[in-house]
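Let's take a walk through a protein model together. Have a look at the sequence and the 3D view, then read on.

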Amino acid sequence: MPTQKIVAPPANAAMFLVLTVNEGAEAQVADVLTGVSDLTKAVSFRVPTSNLLCVVGIGHDAWGRLFDAPLPKDLHPFKEFHGDVHSAPATPGDLLIHLRAGTQDVCFELAKQLMTRLRPYTQVQDEVHGFKFFEERDLLGFVDGTANPEGDEAQTAAVVGDQDPAYRGGSYVIVQKYLHEMSEWEALSTGEQERVIGRSKLEDIEMPDEQKPANSHVALNDLDDVDGHAREIMRDNMPFGEVGSQEFGTYFIGYAADPAITETMLENMFIGNPPGTYDRILDFSTAVTGGLFFAPPKSFLDDPTTVPAQGTSAGVDAADEDAAPAASADGSLGIGSLKKS
């Protein structure tokens, strides 16, 4: 099944848009989504070396409003986590648009073209422009994404397989916008920063287990295997910032075949494992947004009728299999998985 491009090398530029769908505009939005692939191809064709990619994710509350197709089996509202000190909040979001490219101009152009079509029917809840920062580092100065799986392991970690055959090739996406307290972070010595992260800053080498603090970022995000299977996700985080407002941060985006893996990492970070040993990076980085989305296979995004509507075996009610479909008042046959408003 054709997939959206989930697994990809780190990009030099990215944009993240989180939108909510206006009540009554579901059919129009669903129609726009079927054209995202062609629109991406049109913009990319103008700059063939741009490596422009676009992934669209749908939130739990919007899925049933946009499509008649069954809900992906693990799609649910974003789980908030409230620890003794820090919290991971849930924020509004029906659609996620994740753009990646070698340069920001093509990301901007595709975002502009998409929003020309979506603006009458949606509200932008968050917009972040990300950029590559020196050797794949975040603004805290550490390399980000070192623990990502590679090759077949990356595909297995990020992309849905036989566990949900109707949506094979899709992926669950969790996003969070983190704001950094740079002055407090930069007041730490390099050695103390390394103990917060669990890696050396210059060389990007993970500390030995006997030296790594239990509340370090690496320790709490490195999950033990279950039944011999690694519990991993694909991160595509990007730094962002505005020097005028002094807003500096990291946009976390994690793709997973099973969102429970990402949620376990977040639970470890905010609650602690054991409880109380929360991730010390949170003393310097505050989560201000949170959302869970399902990025369906490209074939579904292009044509939602590829997945039969709920309660049918082949896109029509069993009782009507031998009957010719009747035309609706507007002359259409009314077949398919796009919701009618």
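Which strand is threonine 122 found in? Threonine 122 sits in strand β6, which covers residues 122–131. Keep in mind as you explore that this is a predicted model.

## How sure is the predictor?

Let's start with confidence. The protein chain has a mean pLDDT of 92, and 91% of its residues score 70 or more. Residues 314–338 are another story: the pLDDT there is below 50. That stretch still has 30 contacts in the model, beyond near neighbours in sequence. Where pLDDT is low, though, the predicted coordinates should not be read in detail.

## Back to threonine 122

Is threonine 122 buried or exposed? Threonine 122 is buried, because its relative accessible area is 4%, and the cut-off for buried is under 20%. Leaving out residues up to four places away in sequence, threonine 122 touches Leu19, Thr20, Val21, Asn22, Val29 and Met115.

Now try a long jump. Tryptophan 185 is 63 residues away from threonine 122 in sequence, and their C-alpha atoms are 37 Å apart in space.

## Two helices that cross

Two packed helices are described by the angle between their axes and the distance between the axes. Here, try helix α2 (residues 36–46) and helix α4 (residues 104–118). Their axes come within 10 Å and cross at roughly 145°, and the crossing is right-handed. On the α2 side, the contact is made by Val36, Leu39, Thr40, Val43 and Arg46. On the α4 side, the residues are Val106, Glu109, Leu110, Gln113, Leu114 and Arg117. Sort the contact by class and you get six nonpolar, two polar and three charged residues.

While you're at helix α4, find phenylalanine 108, which lies in this helix. Phenylalanine 108 counts as partly exposed, because its relative accessibility is 45%. Setting aside residues up to four places away in sequence, phenylalanine 108 touches Met15 and His129. Its C-alpha atom is separated by 9.9 Å from that of alanine 13, although the two residues are 95 residues apart along the chain.

## A buried arginine

Alanine 13 turns up again when you look at arginine 100, which is placed in strand β5 (residues 95–101). Arginine 100 and alanine 13 are 87 residues apart in sequence, and 5.9 Å apart in space, C-alpha to C-alpha. At 2% relative accessibility, arginine 100 counts as buried.

What does arginine 100 touch, not counting residues up to four places away in sequence? The list includes Lys5, Ile6, Ala8, Ala13, Val55 and Asp236. Asn51 and Cys107 are also among the residues that arginine 100 touches, and both come back below.

## Cysteines without a bridge

How many disulfides does the structure hold? The count is zero. Why is cysteine 54 not bonded to cysteine 107? Cysteine 107 has the closest cysteine sulfur to that of cysteine 54, but the two sulfurs are 9.4 Å apart, so they are too far for a bond. A disulfide would need them within 2.5 Å. Cysteine 54 is buried at 12% relative accessibility, and cysteine 107 is buried too, at 0%.

## Unusual backbone spots

Most residues other than glycine have a negative phi, and most peptide bonds are trans. Asparagine 51 is not a glycine, yet it has a positive phi of about 55°. You'll find asparagine 51 in the loop between α2 and β2 (53–59), and it is exposed, with a relative accessible area of 57%. Glutamine 246 is not a glycine either, and its phi is also positive, at about 55°. Glutamine 246 sits in the loop between β9 (238–242) and β10 (247–256), and counts as exposed at 61% relative accessibility.

For a cis peptide bond, go to asparagine 273 and proline 274: the bond joining them has an omega of about 5°. Proline 274 lies in the loop between α9 (259–270) and β11 (285–287).

## One more loop

Last stop: glycine 228, in the loop between α8 (217–221) and β8 (234–235). Glycine 228 is exposed, with a relative accessible area of 68%. Proline 10 is 218 residues away along the chain from glycine 228, and 28 Å separates their C-alpha atoms.

Terms used
Residues numbered from 1 in each chain as written. Predicted model: local features only at pLDDT ≥ 70, side-chain atom pairs only at ≥ 80, totals over all residues. Heavy atoms only, no water. Axes fitted to C-alpha atoms, helices over the stretch in contact; angles between N-to-C directions. Helix = DSSP H or I, 4+ residues; strand = E, 2+ residues; numbered from the N terminus. Left-handed = near helix turned anticlockwise from the far one by under 90°. Contact = heavy atoms within 4.5 Å. Nonpolar A, V, L, I, M, F, W, Y, C, P; charged D, E, K, R; others polar. Buried < 20%, exposed > 50% of the residue type's maximum accessible area, 1.4 Å probe, protein only. pLDDT = per-residue confidence, 0-100.
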